[in-house]
Amino acid sequence: MIILKDEILANYTSYRVGGKAKYFIKVINNDDVGVAINFAERLSMNYVLLGAGSNVLFMDEGFNGVVIYTGLLNRWMIEKDDYILVGAGVKLSELVEFSVERGVSGFEELAGIPGSVGGAVNMNAGAFNTEIKDVLTECVAYDMPRKKIINLSNADCKFGYRIAEGLKNRIVLFAKFKKMYGDKKYLKSKVDEILKKRDSKQPLEYPSCGSVFKRPKGDYAGRLIEECGLKGYRIGGAMVSEKHANFIVNLGNAKAKDILDLIEFVQNEVYKKFNILLEPEVKIIKN
Ligand SMILES: Cc1cc2nc3c(=O)[nH]c(=O)nc-3n(C[C@H](O)[C@H](O)[C@H](O)COP(=O)(O)OP(=O)(O)OC[C@H]3O[C@@H](n4cnc5c(N)ncnc54)[C@H](O)[C@@H]3O)c2cc1C
């Protein structure tokens, strides 16, 4: 494992914002995870997990505790006859490529989601008609309160919309995925189609966290925000994307505070007009 002090969080987040972490621990294998937790507890410091950083917003003041970075954790994938075993630090894009190359179907609609496998399992990430819960059979996690490694079935993870209740206080170490066969050529073309769709609908030219808000029941956050006339609305270096109203982009010089203020502003405007309180999907991490 690697322990760093005063590491700049902006370098690890897709928003490219965030101050320094007091301690930043890069865990590499299962044993490191327990050691990192003990390290934080010995210093009586709070700790948070960070994967590929594509769904988090750290503040400009940084994090006055221990950030446990899982982007290097178990960076391996193993193919067996009827399943694929994948470490938490593997990028979801690597898993998509790995499966498509082998003619394994089920992952193609997840193409273009920029998270790690650990973060994606924890968030039950998904797009189009697929969520992680549809392809995962089991996962192995470190249970923080009990300080032990446990196995969880798909049902144990208690997956919901962008949430896995059963993984609260648990660190995903690796996960087991179904192996269903499909036509390799078709799967490749499907991935290309998905990536094109994303490119045409999402402002991928700017740093962002993807969709800022969860979908409210029976509606779309993007539609409500657009109806409030907020596309292009700016606070400092943060802007509601002109291309996709549920994206708040960093125009290049945004502070975390600009993004947070804009999130709250959008929430207020939507609430005033529709009486709907949008719930952030992005994890806002304060001290
Ligand atoms: C351009 C763009 C497009 C996106 N499109 C989509 C999309 O289509 N669908 C979608 O669902 N999301 C999308 N996202 C959001 C994001 O990519 C997903 O939520 C992703 O799964 C987050 O993974 P991560 O590794 O980046 O997690 P992080 O952002 O690092 O962390 C997210 C949460 O997971 C926790 N976590 C991280 N690693 C672990 C671990 N090993 N064990 C337990 N908890 C962990 C963190 O503590 C945090 O609470 C998009 C983001 C961007 C920037």
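# Exercises on a predicted model

The side chains of Lys179 and Glu79 form a salt bridge, with an N to O distance of 3.0 Å. The structure is a predicted model.

**Exercise 1.** Determine which parts of the chain the pair Lys179 and Glu79 ties together, and state whether Lys179 is buried or exposed.

*Solution.* Step 1: locate the partners. Lys179 lies in the loop between S15 and strand S16 (180-181), and Glu79 lies in strand S6 (residues 77-79), so the pair ties together parts that are 100 residues apart in sequence.
Step 2: apply the cut-off, by which buried means under 20% relative accessible area. Lys179, with a relative accessible area of 13%, is buried. Glu79, with 36%, is partly exposed.

**Exercise 2.** Describe the salt bridge between Arg162 and Glu281, and name the network that shared partners create.

*Solution.* Step 1: the closest N and O atoms of Arg162 and Glu281 are 3.9 Å apart, which falls within the 4 Å limit for a salt bridge.
Step 2: Arg162 belongs to the loop between strand S13 (159-160) and strand S14 (163-164), and Glu281 to the loop between helix H6 (256-274) and strand S20 (283-285), so this pair ties together parts that are 119 residues apart in sequence.
Step 3: both Arg162 and Glu281 are buried.

For a pair within one helix, consider Asp261 and Lys257, whose closest N and O atoms are 2.7 Å apart in a salt bridge. These two residues are 4 residues apart in helix H6, and therefore separated by about one helical turn. Asp261 is partly exposed, with a relative accessible area of 25%, and Lys257 is partly exposed at 49%.
Step 4: salt bridges that share partners join Glu131, Lys133, Asp134, Arg162 and Glu281 into one network. The count of salt bridges comes to 19.

**Exercise 3.** Establish how the protein surrounds the ligand, and where the ligand lies with respect to domain 1 and domain 2.

*Solution.* Step 1: list the polar contacts. A polar side-chain atom of Ser54 lies 2.6 Å from a ligand oxygen atom, and a backbone N or O atom of Asn55 lies 2.7 Å from a ligand oxygen atom. A polar side-chain atom of Thr70 lies 3.3 Å from a ligand nitrogen atom.
Step 2: consider the cover. Taken alone, the ligand exposes 970 Å², of which the protein buries 92%.
Step 3: examine the shell. Its residues divide into 15 nonpolar, 14 polar and 5 charged, and H3 gives the most, with 5 residues.
Step 4: place the ligand. Domain 1 (2-69) and domain 2 (77-199) both give residues to the shell, so the ligand lies between them.

Technical notes. Residues are numbered from 1 along each chain as its sequence is written. This is a predicted model: local features need pLDDT of at least 70, side-chain atom pairs count only at pLDDT 80 or more; totals for chains, interfaces and linings use all residues. Side-chain values use heavy atoms; hydrogens and water are left out. A polar contact is a pair of N or O atoms within 3.5 Å; within protein, one must be able to donate a hydrogen and the other to accept it, and residues adjacent in sequence count only if both atoms are side-chain atoms. Accessible areas come from the Shrake-Rupley method with a 1.4 Å probe; for residues, only the protein chains shown count as cover. Ala, Val, Leu, Ile, Met, Phe, Trp, Tyr, Cys and Pro count as nonpolar, Asp, Glu, Lys and Arg as charged, and the others, Gly among them, as polar. Domain bounds come from an automatic or database domain assignment. Buried means under 20% relative accessible area, exposed over 50%, partly exposed in between (1.4 Å probe, protein chains only).
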